[in-house]
Amino acid sequence: MNATEQSRFKPLYTAMLRALQLQGKAEKTVDAYARAIRRSAEFFERCPDDLTAEDLQTYFAALLKSHSWSTVKLDRCGLQFFYRYVLKRPWDWTEIIKPPRSTRLPDVLTRQETLRLLGTVRKCRYRVFFVTLYSTGLRLGEGLALEVSDIDAQRLRIHVRGGKGDKDRYVPITDTLLHMLRRWWATHSHPRLIFPNPTGGPERMRQATASMDRGGVQAAMRAAVTDARIRLRIGVHSLRHCFSTHMLELGVDLRELQSILGHAHPETTARYTHLTEVTAAQARERQGKLLESFVLRWRDAA
């Protein structure tokens with residue numbers, strides 16, 4: 001952008017950041033929406049406050065060639081926020097771009113496969129971390145953020161702070177997991193973190209200012225998947241899917257599971273019913289009863 005366009009863009013961009021903060025948007029949402037405004041400004045080389053419907057169609061068509069639909073949807077939401085709360089002008093995005101609604105189901109391991117996967121994790125810190133995620137259904141970021149004060153040993157629960165949507169919730173834990181976390185914490189005795197950055201060994205871990213690195217955790221999972229010879233698309237977040245599916249198989253109520261997972265809508269939790277072996281077996285059993293008293297008279301049919 002030239003100097004003139006820059007002078008127009010800067011105050012509007014500042015107003016965008018302020019509006020995002022005033023709307024209480026999460027940090028990731030602020031980053032994504034702000035990035036959408038910067039990206040569109042770079043694409044057109046001018047302040048994106050006077051874009052026509054044709055301009056936006058051109059922009060999204062180009063974006064689709066290099067980015068996924070999830071990125072396109074984020075940019076659409078970011079621009080829509082910009083128009084609504086900064087420019088005070090509505091725009092009908094359905095007339096410009098309408099991302100497809102996908103209902104893809106994640107790959108989920110059986111309980112036996114999950115235990116085999118956890119058993120192949122090489123380093124203790126990653127093994128304990130993955131067992132924690134699988135035992136509680138925590139997201140990767142929620143697990144990394146766990147602090148000593150979040151563990152309620154008396155009530156056997158974890159206080160998850162600032163989860164998705166900046167919402168707190170309580171997640172039950174077992175005596176077995178509590179004992180495992182205590183043994184792990186005793187190896188470094190960090191005054192605050194359960195999973196501190198391991199750089200420098202146990203002595204340095206006690207003084208770490210951050211949790212384990214996300215990249216290192218994800219690399220450890222990829223290595224474990226390879227060692228376990230699992231061919232499905234399994235990542236760290238798959239442990240949350242496995243937890244949800246296996247809990248339903250064990251008879252946990254859907255509403256209780258929704259509370260544990262921190263889902264805002266029951267429909268999100270209900271998708272796991274499609275993944276359970278128990279549900280499939282029950283469906284087959286009921287299908288068999290549909291025609292159990294019906295006898296097809298082949299001679300009459302002919």
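**Entry 1: Ser238**

I began at Ser238 and found its side chain reaching the backbone nitrogen of Gly235 at 2.9 Å. A reminder to myself: this is a predicted model. Ser238 sits in helix 11, and I had its burial looked up next. Its relative accessible area came out at 7%. I count Ser238 as buried, because the cut-off for that is under 20%. Then I asked which residues Ser238 is in contact with once neighbours within four places in sequence are left aside. I got Asp107 and Arg233.

**Entry 2: the second largest pocket**

Helix 11 came up again when I turned to the second largest pocket, since I wanted to know which elements give two or more residues to the lining. First the volume: I have about 310 Å³ for the second largest pocket. Helix 6 (124-136), helix 8 (175-185) and helix 11 (238-249) are the elements that each give two or more residues to its lining. I noted 15 lining residues, and those nearest the centre are Tyr134, Ser135, Thr174, Phe243 and Met247. How do the residues of the lining divide into nonpolar, polar and charged? I wrote down ten nonpolar, four polar and one charged.

**Entry 3: Phe195**

Next I went to the loop between helix 8 and helix 9 (201-205), where Phe195 lies. Is Phe195 buried or exposed? I read 0% relative accessibility, so Phe195 goes down as buried. I then pulled its contacts, not counting residues up to four places away in sequence. Phe195 touches Arg125, Val128, Phe129 and Thr132, and the list also includes Gly143, Leu146, Leu181 and Trp184. Ser211 and Met212 are among its contacts too. I also checked one pair by C-alpha distance: Phe195 and Ala145 are 7.9 Å apart in space, with their positions 50 residues apart in sequence.

**Entry 4: Asp75**

I wanted a charged residue as well, so I looked up Asp75, and its place is helix 4 (residues 69-86). Asp75 counts as buried because its relative accessibility is 1%. Which residues is Asp75 in contact with, leaving aside neighbours within four places in sequence? My list reads Ala36, Arg39, Tyr59, Phe60 and Leu63.

**Entry 5: the sheet**

Last I went through the strands. Three of them form an open sheet in the order 1-2-3, and the pairing is antiparallel. Strand 1 (151-152) and strand 3 (169-172) are the edge strands, each pairing on one side only.

I took the pairs in turn. Strand 1 and strand 2 (residues 157-160) pair in the antiparallel sense over two bridges, and I found Ile151 opposite Ile158 in strand 2. The hairpin of strand 1 and strand 2 has four residues between the strands. I checked the backbone there and noted that Leu156 takes a positive phi near 50 degrees.

How many bridges join strand 2 to strand 3? I have four, with the two strands running antiparallel. For this pair I jotted down Arg157, which stands opposite Pro172 in strand 3.

Terms used: Residues are numbered from 1 along each chain as its sequence is written. This is a predicted model: local features need pLDDT of at least 70, side-chain atom pairs count only at pLDDT 80 or more; totals for chains, interfaces and linings use all residues. Side-chain values use heavy atoms; hydrogens and water are left out. On a 1 Å grid over the protein atoms alone, a cavity is a set of points where a 1.4 Å probe fits but cannot get out, and a pocket is an open set with protein on both sides within 12 Å along at least five of seven lines; lining residues have an atom within 4 Å of a point. Grid points are joined across faces, edges and corners, and a volume is the space filled by probe spheres set on the points. Two strands pair if DSSP finds at least two bridges between them. Buried means under 20% relative accessible area, exposed over 50%, partly exposed in between (1.4 Å probe, protein chains only). A polar contact is a pair of N or O atoms within 3.5 Å; within protein, one must be able to donate a hydrogen and the other to accept it, and residues adjacent in sequence count only if both atoms are side-chain atoms. Contact means heavy atoms within 4.5 Å.
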